[in-house]
Amino acid sequence: MATIKLPAPVSLDQVRAALTRACPDLDQQRFGPGVTASQSRWVAAWVMTQRKQVSVAPMVRSMPMFLLFFLIALTGVGLLIYAVTVLPRQQAVVKRVTAALERELRAASAGASAAG
């Protein structure tokens, strides 16, 4: 899981807007307390905000896919296949989303502090 520490609090709406600007090719969906930015059903990054901190973790696109992943993980062999085929692609999306959010949110907070 990647963590971005910011000088000012950030909302989930601000994160969604930054994701839309930086990664328009990724689909966004609400997922629990955060949002997923996904390339496919299996390859996504889960973005959560907590005041001055944004966390990004590998995830599947939606809750139904998460339940399917959970069932596959219970088999053991499915977990191994997932770890070899899907997890590296998820981690690549996490790195991309983390870099884009860091760039966008730091630029936005620098602009806000310069204007204030």
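## Ground rules

A residue is called buried when its relative accessible area is under 20%, exposed when over 50%, and partly exposed in between, using a 1.4 Å probe and protein chains only. Helices (H or I, at least four residues) and strands (E, at least two) are DSSP runs, numbered from the N terminus.

What you have above is a predicted model, where local features need pLDDT of at least 70 and side-chain atom pairs count only at pLDDT 80 or more, while totals for chains, interfaces and linings use all residues. Residues are numbered from 1 along each chain as its sequence is written, and side-chain values use heavy atoms, with hydrogens and water left out.

## The chain as a whole

Let's start with the overall layout. There are four helices and five strands, and reading from the N terminus they come in the order β-α-β-β-β-β-α-α-α. The C-alpha trace spans about 55 × 20 × 20 Å along its principal axes.

Of the chain's 116 residues, 39% are buried. The accessible surface (Shrake-Rupley method, 1.4 Å probe) adds up to about 6,700 Å², and carbon and sulfur atoms hold 62% of that. For charges, Lys and Arg count as positive and Asp and Glu as negative, leaving out His and the chain ends. On that basis the chain carries 13 positive and 5 negative side chains, and the centres of the two sets are 6 Å apart. Each charge is placed at NZ of Lys, CZ of Arg, CG of Asp or CD of Glu.

A contact here means heavy atoms within 4.5 Å. Among contacts with a separation of 6 or more, 60% join residues 24 or more positions apart.

## Two nonpolar cores

In soluble globular proteins, nonpolar side chains tend to be buried together. A nonpolar core is a set of buried Ala, Val, Leu, Ile, Met, Phe, Trp, Tyr and Cys residues joined through side-chain atoms within 4.5 Å. The largest one in this chain has 23 residues, and those with the most contacts inside it are Val15, Leu19, Val47, Val54, Val97, Leu101 and Leu105. At least two residues each come from S1 (2–5), H1 (12–22), S3 (34–38), S4 (44–50), S5 (53–59) and H4 (87–115). The top contributor is H4, with six residues. Another core, of nine residues, lies apart from this one and includes Phe31, Met59, Met65 and Tyr82.

Now for a couple of residues from the 23-residue core. Leaving out residues up to four places away in sequence, Leu19 touches Pro24, Gln28, Val35, Ala37, Val47, Val97 and Leu101. Leu101 itself sits in H4 and is buried, at 0% relative accessible area. With the same sequence neighbours set aside, the residues that Leu101 touches include Ile4, Val15, Ala18, Val54 and Arg106. Leu101 and Val54 are 47 residues apart in sequence, yet their C-alpha atoms are 8.7 Å apart in space.

## Strands side by side

How do the side chains along S1 point? They alternate: Ala2 and Ile4 face one way and are buried, whereas Thr3 and Lys5 face the other way and are not. In a regular strand, that is the usual alternation between the two faces of the sheet.

Two strands pair if DSSP finds at least two bridges between them. S1 and S5 do so in the antiparallel sense, over four bridges. In S5, Val54 is opposite Ile4, and Gln53 is opposite Lys5. S5 also pairs with S4, again antiparallel, over seven bridges.

S5 is mostly covered, with five of its seven residues buried. Ser55 belongs to this strand and counts as buried at 11% relative accessibility. Its bridge partner is Met48. Beyond four places in sequence, Ser55 has contacts with Met1, Ala2, Thr3, Trp46, Val47 and Met48.

## Ala45 and Arg51

Which is buried, and which is exposed: Ala45 or Arg51? Ala45, in S4, is the buried one, at 0% relative accessible area. Its contacts beyond four places in sequence include Val35, Ala37, Val56, Val93 and Val97. The C-alpha atoms of Ala45 and Gln91 are 7.9 Å apart, although 46 residues separate the two along the chain.

Arg51, in the loop between S4 and S5, is exposed, with 70% relative accessible area. Most residues other than glycine have a negative phi. Arg51 is not a glycine, but has a positive phi of about 55 degrees. The hairpin of S4 and S5 has two residues between the strands.
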